[in-house]
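Q: Please take a close look at a single part of this model for me, the nonpolar interior and the helices around it. I would like one connected account that I can follow with the structure open beside me.

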Amino acid sequence: MKTLHRYLLRQVIASLVMTLIVFTFVLLLGNALREILPLLVSGQATVWLIAKAFALLIPFVLGFALPMAMLTAVLLTFGRFSADQELTAARASGVSLLSLISPIIILSLLLCGVSAWMNLEVAPRCRVAYNELRFSLKAAIATAKLPEGRFMNFPGKPSYIIYVGKNRKQKLEDVWLYELADGTNRNTTVHAPRGQISLDTTNKEIVLDLFDAAGTMFAGGQLGSASVMTVRLDLNASEKADRKPSISDMTFRQLQDELHTLNSRINPPLLEKNPDEATGKKKRTSRNPSDMTEPIRIQMHRQVAFSFACFGFTLVGIPLGIRVHRRETNVGVAIALALVFVYYTFLIIGQSMSSHPELAPHLWMWLPNFIFQAAGMVLLWRANRGV
């Protein structure tokens with residue numbers, strides 16, 4: 001029995017490592033292609049920064065790749081185990097399927113713990129760090145690669161168009177700055193023979209200092225000049241608006257704190273002096289709290305529920321691999337992708353109902369786990385009986 005256990009564990013772990021590398025690479029490439037690789041190809045970022053960005057993305061991607069890899073690994077392993085008649089030989093020796101797969105079940109539970117650690121703590125922090133690094137890359141490009149002889153647009157309120165005659169390591173010459181009050185109509189024109197740019201990482205702004213600047217304000221028709229004129233350019237207004245990470249990038253503890261803070265704001269303590277008035281206030285505000293807190297509850301339940309995906313996928317994957325009775329890798333991968341699609345469909349449906357808290361969409365995050373685990377237990381029971 002121990003020999004069979006070690007054999008199956010080696011097979012599952014070997015397939016798990018292989019498929020985990022493949023899925024991680026595919027998901028990592030999909031996330032980085034549109035944001036990171038173009039910078040490397042164009043020579044606008046160093047290899048070290050690119051490697052750091054990939055390293056920060058890996059924990060975030062692993063949270064999705066690990067359950068998929070575990071499902072594919074058990075499908076491939078038990079598909080071969082059944083196709084090579086090894087399962088038949090084990091049953092002829094009096095070994096039941098349930099006792100045979102016990103180490104695989106324990107492995108899946110251990111992976112659930114790893115997934116929980118990744119989803120609840122590591123992945124959100126790495127995602128926030130990755131977003132900060134991505135901004136730094138964008139800021140470094142904007143400051144160091146401000147093109148010569150071209151007009152560059154900086155949206156915001158107000159927005160600016162900048163023309164630089166020469167750029168020598170952030171030392172500028174022949175600088176023209178056009179301020180657009182409403183995004184289209186020119187409000188101010190400034191020209192400076194010299195200037196320099198620097199980056200304010202705290203406020204996510206580019207600081208442009210113009211020396212001996214002279215300008216025209218079209219609104220008042222006034223001419224003015226200044227020995228030093230400082231203009232702060234909003235590098236990314238949408239990212240700068242809120243330094244706090246989004247709900248999807250918060251750790252479980254941060255989500256708890258956010259939920260507690262939001263509840264304390266929208267549910268202030270009611271006075272006991274006038275019970276009728278307090279009851280009336282409670283009735284008038286009973287709808288709003290759930291509407292505002294439901295997205296946070298959904299994310300909290302999603303992080304925890306998704307951590308148990310490895311267990312549900314293992315319960316389903318073992319009997320399906322035996323029933324398919326195929327050694328081909330492409331068959332196992334195709335079945336795994338189909339099951340993952342079904343699993344994520346339930347999650348997406350639950351998240352789409354965040355505006356309907358009366359339906360308790362946060363509990364829908366657990367529905368795919370219950371379905372997969374129940375289906376897996378039934379299929380395992382049938383496979384153990386040889387049905």
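A: A helix here is a DSSP run of H or I with at least four residues, and helices are numbered from the N terminus. The model is predicted, and what follows should be read with that in mind.

A good place to begin is helix H11, which covers residues 309-324. Its 16 residues reach 21 Å from the first C-alpha to the last, close to the 22 Å expected at 1.5 Å a residue. Buried means under 20% relative accessible area, and 13 of the 16 residues of H11 are buried, so this helix is largely enclosed by the rest of the structure. H11 is followed by His325, whose phi is positive, near 60°.

The nonpolar interior can be taken up next. The largest nonpolar core has 47 residues, and those with the most contacts inside it are Met70, Phe78, Ile104 and Ile318. Helix H3 (residues 47-83) supplies the largest share of this core, eleven residues. Apart from this core lies another, of 16 residues, among them Ala192, Ala213, Val231 and Leu233.

Ile104 deserves a closer look. This residue lies in helix H6, and at 0% relative accessibility Ile104 counts as buried. Leaving aside neighbours within four places in sequence, Ile104 is in contact with Leu8, Leu9, Val12, Met70, Val74, Phe78, Thr314 and Ile318. One of these partners, Val74, is 30 residues away from Ile104 along the chain, yet the C-alpha atoms of the two are separated by 8.5 Å.

Farther along H6 (residues 102-144) is Ser115, which at 2% relative accessibility also counts as buried. Not counting residues up to four places away in sequence, Ser115 touches Leu66, Ser307 and Cys310.

Helix H12, residues 329-352, should span 34 Å with its 24 residues at 1.5 Å a residue, and its end C-alpha atoms are 34 Å apart, which agrees. The buried residues of H12 include Gly332, Ala336, Leu339, Val340, Tyr343, Tyr344, Leu347 and Gly350. An α-helix has 3.6 residues a turn, so residues three or four places apart point the same way.

Nonpolar side chains also occur on the surface, where Met18, Val22, Phe25 and Val26 make a patch of about 390 Å². Met18 lies in helix H1 (residues 2-33) and is partly exposed, with a relative accessible area of 47%, whereas Ile104 is buried at 0%.

Key:
Residues are numbered from 1 along each chain as its sequence is written. This is a predicted model: local features need pLDDT of at least 70, side-chain atom pairs count only at pLDDT 80 or more; totals for chains, interfaces and linings use all residues. Side-chain values use heavy atoms; hydrogens and water are left out. Helices (H or I, at least four residues) and strands (E, at least two) are DSSP runs, numbered from the N terminus. The expected span of a helix is 1.5 Å times one less than its number of residues. Buried means under 20% relative accessible area, exposed over 50%, partly exposed in between (1.4 Å probe, protein chains only). A nonpolar core is a set of buried Ala, Val, Leu, Ile, Met, Phe, Trp, Tyr and Cys residues joined through side-chain atoms within 4.5 Å. Patches are made of residues with over 30% relative accessible area and no salt bridge: like charges are joined within 9 Å, nonpolar side chains (Val, Leu, Ile, Met, Phe, Trp, Tyr) within 5 Å. Accessible areas come from the Shrake-Rupley method with a 1.4 Å probe; for residues, only the protein chains shown count as cover. A salt bridge is a side-chain nitrogen of Lys or Arg within 4 Å of a carboxyl oxygen of Asp or Glu. Contact means heavy atoms within 4.5 Å.
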